[in-house]
Amino acid sequence: MKNYPLYSADYYRDFAQMTEGIADKYDGRTAVAWYTRNREEKSATYRQVMEDTEALRETFIRRGLAGKHLAIVGENSYQWLLVYLAAAGCGAVAVCIDTEQSDETILQMLKTADTEAVFAAAAYMELCRSFLDGRGEPVQLTGKSGEAGTVDHWLEEGRKAIEAGQKSPVPSVSPEQTASIVFTSGTTSMSKPVMLSHKAILTNASDAWANVLVGERVFSNLPFYHTYGLTCAVLSVWMRGATLYINGNLKTVMRDLHEAGAHSMLTVPLMLEAIHNQIWLTAEQSGKADGLRKLLKLQKAKRRLGIREPGKALAALREKSVGNLRLIISGGAHMSPEIMEEFDLMGVTILQGYGITECGPLVSVNRNHYYKLDSVGLVLPHCEVRIENGEILVRGDNVMNGYYNSPELTAEAMDGEWFHTGDVGEMDKDGFLYITGRKKNLVVFKNGKKVSPEKLEEMIGKLPLVKDVVVYGAASGASADDVKLAASIYPDPERTAGMDSYEILEELQQGVNEINDSLPFYQQIQMVNIREQEFAKTAMQKIKRHLV
């Protein structure tokens, strides 16, 4: 494969220009669609998104919220997006709150970001009311049409003012101005408040489009309060005029994916692993696992002859599993190349990317016709990467303005214009980036040798009984570097049904022993423990390692 020219992409200086630009370009096309509990499809065109954003922005300006910090607390919804666009459009700062956090953490996030007004889903109204403590009432994101105290009511207020010819002047916004405060996922420590500018977010979204061409119907269940969900799954998709199907309910993800008939999906490895696991579990339970292996082996042989389209049996399995999907963009964590290859043999290409909140988030991504399964792709056009002592450093238009009210943390993370990601990686001669671990996760031994637990976790994760695993350095002596490698494993409940704890441990230990036989002594797992409960995870389904 050889690289090819970037796709033509539009670039915008600020959010107001972007919402107007996509409305002028795509007008009556459907911009966003979603399904109710009763499977009823709702949607809004590009023109409607712009008009609704302008109406809500008008109300924000009239109520003195331009330039203020406005928090959004709720699951994915059309109203969530409107609040974000309207806030950024009038020079306010949209504070994106991770609703997967505890009430205490949510309150701390609201306080840390100096939040002055809150837009919340019904389930968080009381919590947000307690935060405001008499300084106003939270506005409900969704509610009955026309009901006071809802986003829909504020929309109507803005529409009436505009229709009456009383539209307010829109404050000017510079591209470098902070548009959003987004909190890091907090896998190894407390979440940090990242300030992202209009230029950082919008350039990153356009760069994503320039690298990867998605289909006309795109599905995503990624949370909007995470940069991957907003920049890559919403803004980048809108910039190219596709229809985005959104989902905010894990219980209806697969239903909505099939209903949407989406051609492309943006998601995290955990969802793909769950689909892959279900395919094989069903095959095993029906006695068809050997047949599936033969089909995949045959398809692999056909590929070597230049035949890419899968046979009828694999095509039927693909349709049953993921509907019309032909392209999946995966990010947020490492994806197994073996799983990607099996999806590819079924006719679904998985493109892995790499990002970090502080970089808008996307740093690199594989391309439609130029990719490597074990790589996280090529660095984006307006972004630079250098490897320093094994660590990945990033510089470019997508890099954050800093951590809000945290000059010390900002100084620790930035070396001039270069951001220290904390990720360990390397780049090959073709410019493909590889992530080999997380700097903070490295296990360091007395003799100076270092082990990246992520590689061992990938190997152990392939064992049939394993659902999740964390490898870490367990203290085995008085000094901090006197450690031995341990694996904490959460077994797959479906695959261990009917087995007692001794049987589970025995089979897992046997699998770990086989892995150890292929590794040098210092990399071998010396202790295995079984968890009865799942690991605590972030919204991007990364394990919170500091809680293990």
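Which helices and strands each supply at least two residues of the lining of the second largest pocket? Three elements do: β1, residues 30–35, α3, residues 78–89, and α9, residues 253–260. Keep in mind that this is a predicted model.

Let me stay with that pocket. Its space comes to about 710 Å³. The lining counts 23 residues. Nearest the centre are Trp 34, Tyr 35, Glu 75, Asn 76 and Ser 77. Now the chemistry of the wall. Polar residues number 11, nonpolar seven, and charged five.

Next, Thr 252. It sits in the loop between β10, residues 243–246, and α9. Is Thr 252 buried or exposed? Its relative accessible area is 17%. The cut-off for buried is under 20%, so Thr 252 is buried. Thr 252 also has a partner far off in sequence to look at. Thr 36 is 216 residues away along the chain, yet the two C-alpha atoms are 9.7 Å apart in space.

On to the nonpolar cores. The largest one has 92 residues. Which residues have the most contacts inside it? They are Phe 15, Phe 60, Trp 80, Phe 119 and Trp 238. Helix α3 is the top contributor to this core, giving 10 residues. So far α3 has come up twice: in the pocket lining and in this core.

Take Trp 238 by itself. Set aside neighbours within four places in sequence. Its contacts are then Ile 22, Tyr 26, Ala 31, Val 32, Tyr 46, Val 49, Leu 81, Leu 85 and Leu 244. There is also a second core, separate from that one, with 30 residues. Ala 33, Tyr 245, Leu 257 and Ile 275 are among them.

Now cavities. How many of 30 Å³ or more does the structure hold? Two. I will describe the second largest, at about 40 Å³. Its lining includes Tyr 84, Cys 96, Phe 224, His 226 and Gly 360. Helix α8, residues 227–239, gives the most to that lining, with three residues. By class, eight lining residues are nonpolar and four are polar. None is charged.

Ile 201 is also on that cavity's lining, which brings me to helix α7, residues 198–211. Why does its length make sense? It has 14 residues, and at 1.5 Å a residue these should span 20 Å. The end C-alpha atoms are 20 Å apart, so the two agree. As for cover, 13 of the 14 residues of α7 are buried.

Last, backbone geometry. Most residues other than glycine have a negative phi, and most peptide bonds are trans. Here are three exceptions to check on screen.

Gly 360, from the cavity lining, is joined to Pro 361 by a cis peptide bond. Omega there is about 15°. Pro 361 lies in the loop between β13, residues 349–355, and β14, residues 362–365.

Then two asparagines. Asn 389 has a positive phi of about 55°. It is in the loop between β16, residues 383–388, and β17, residues 391–396. Its relative accessibility is 81%, so it counts as exposed.

Asn 405 has a positive phi too, near 55°. Its loop runs between β18, residues 402–403, and α14, residues 407–413. At 56% relative accessibility, Asn 405 is exposed as well. The cut-off for exposed is over 50%.

Terms used
Residues numbered from 1 in each chain as written. Predicted model: local features only at pLDDT ≥ 70, side-chain atom pairs only at ≥ 80, totals over all residues. Heavy atoms only, no water. Helix = DSSP H or I, 4+ residues; strand = E, 2+ residues; numbered from the N terminus. Expected span 1.5 Å × (residues − 1). Buried < 20%, exposed > 50% of the residue type's maximum accessible area, 1.4 Å probe, protein only. 1 Å grid on protein atoms, 1.4 Å probe; cavity = no way out; pocket = protein on both sides within 12 Å on 5 of 7 lines; lining within 4 Å. Points joined across faces, edges and corners; volume = space filled by probe spheres on them. Nonpolar A, V, L, I, M, F, W, Y, C, P; charged D, E, K, R; others polar. Core = buried A, V, L, I, M, F, W, Y, C linked by side-chain atoms within 4.5 Å. Contact = heavy atoms within 4.5 Å.
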